[in-house]
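Welcome, and please get your viewer ready. We will go from one selection to the next, with a short note at each stop.

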Amino acid sequence: MTHSAAVEEHPLLSRIEQALDTIRPYLAADGGNVRVLNITDDMVLQLELLGACGTCPMSPMTLKAGVEESVKKAVPEIRTVEAINLTPMSAQPAGQTGHPLPPTPVPTPQF
């Protein structure tokens, strides 16, 4: 992965990359990956979602439940993880706004 000069010198980068390497095979299995862009002064890890991760409707969940969980477990100094190119669920073609409709009952056949 390529990083900016400031990120390359960050003391947490190698631990962050090790944490990301544990989940990259799962992201790659679905055609995606992540790249570290920045680690802010207030310990926010900023990532770029690559490949399928950039447009996947499940990316917000993957980011929080998978990527952030793995990074924070390995590098507790990181407060949160955010993707700079994450498309909000409401803006994605497969996204759904509001509440889903309740299921329609299926009539029981009469014999």
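The tour below starts with the whole chain, then visits helices, a strand, and a few single residues.

**Before you click**

This is a predicted model, in which local features need pLDDT of at least 70 and side-chain atom pairs count only at pLDDT 80 or more, while totals for chains, interfaces and linings use all residues. Residues are numbered from 1 along each chain as its sequence is written, and side-chain values use heavy atoms, leaving out hydrogens and water.

**Stop 1: the whole protein**

Show everything as a cartoon. You should find 3 helices and 3 strands, arranged along the sequence as α-α-β-β-α-β. Helices here are DSSP runs of H or I with at least four residues, strands are runs of E with at least two, and both are numbered from the N terminus.

How much of the protein is buried? Of its 111 residues, 32% are buried. Buried means under 20% relative accessible area, exposed means over 50%, and partly exposed is in between (1.4 Å probe, protein chains only).

Contact means heavy atoms within 4.5 Å. Among contacts between residues at least 6 apart in sequence, 52% join residues at least 24 apart.

**Stop 2: helix α2**

Select residues 13-29, which form helix α2. This helix has 17 residues and reaches 24 Å from its first C-alpha to its last, close to the 24 Å expected at 1.5 Å a residue. The expected span is 1.5 Å times one less than the number of residues.

Now colour Ile23, where α2 has a kink of about 45 degrees, shortly before the proline Pro25. The bend at a residue is the angle between axes fitted to the seven residues ending there and the seven starting there.

Which residues of α2 are buried? Show side chains for Leu13, Ile16, Glu17, Ala19, Leu20, Ile23, Arg24 and Leu27 to see them. As you look at the spacing, keep in mind that an α-helix has 3.6 residues a turn, so residues three or four places apart point the same way.

For a contrast, select Gln18, also in α2. Gln18 counts as exposed because its relative accessible area is 54%. Its C-alpha is 9.8 Å from that of Ser70, although the two are 52 residues apart in sequence.

Just past the helix, pick Gly31, which follows α2 and has a positive phi near 85 degrees.

**Stop 3: helix α3 and its partner**

Add residues 59-74, helix α3, to your selection. Helix α3 has 16 residues and spans 21 Å between its end C-alpha atoms, close to the 22 Å expected at 1.5 Å a residue. Look for a kink of about 35 degrees centred on Glu68.

The buried residues of α3 are Ser59, Leu63, Val67, Glu68 and Val71. They pack against α2, β2 and β3 (80-83).

How do α2 and α3 meet? They pack at an angle of about 145 degrees, with axes 8 Å apart. Axes are lines fitted to C-alpha atoms, for helices over the stretch in contact, and angles run from 0 to 180 degrees between N-to-C directions.

To see the contact, show Arg15, Ala19, Leu20, Thr22, Ile23 and Leu27 of α2 together with Thr62, Gly66, Val67, Ser70, Val71 and Ala74 of α3. By class, this contact has 7 nonpolar, 4 polar and 1 charged residues. Ala, Val, Leu, Ile, Met, Phe, Trp, Tyr, Cys and Pro count as nonpolar, Asp, Glu, Lys and Arg as charged, and the others, Gly among them, as polar.

**Stop 4: strand β1 and the loop after it**

Select Val36 in strand β1. Val36 is buried, because its relative accessible area is 1%. Measure from its C-alpha to that of Ile16, 20 residues apart along the chain, and look for 8.6 Å.

Next, go to Met43, in the loop between β1 (32-39) and β2. Its phi is positive, near 65 degrees, in a residue other than glycine. Is Met43 buried, exposed or partly exposed? Met43 is partly exposed, as its relative accessible area is 23%.

**Stop 5: Gly54 and Asn85**

Find Gly54 in the loop between β2 (44-51) and α3. Gly54 is buried, with a relative accessible area of 14%. Its C-alpha is 9.9 Å from that of Ile84, 30 residues away along the chain.

Finish at Asn85, in the segment after β3. At 25% relative accessibility, Asn85 is partly exposed. Leaving aside neighbours within four places in sequence, Asn85 is in contact with Leu47, Glu48, Leu49 and Gly54.
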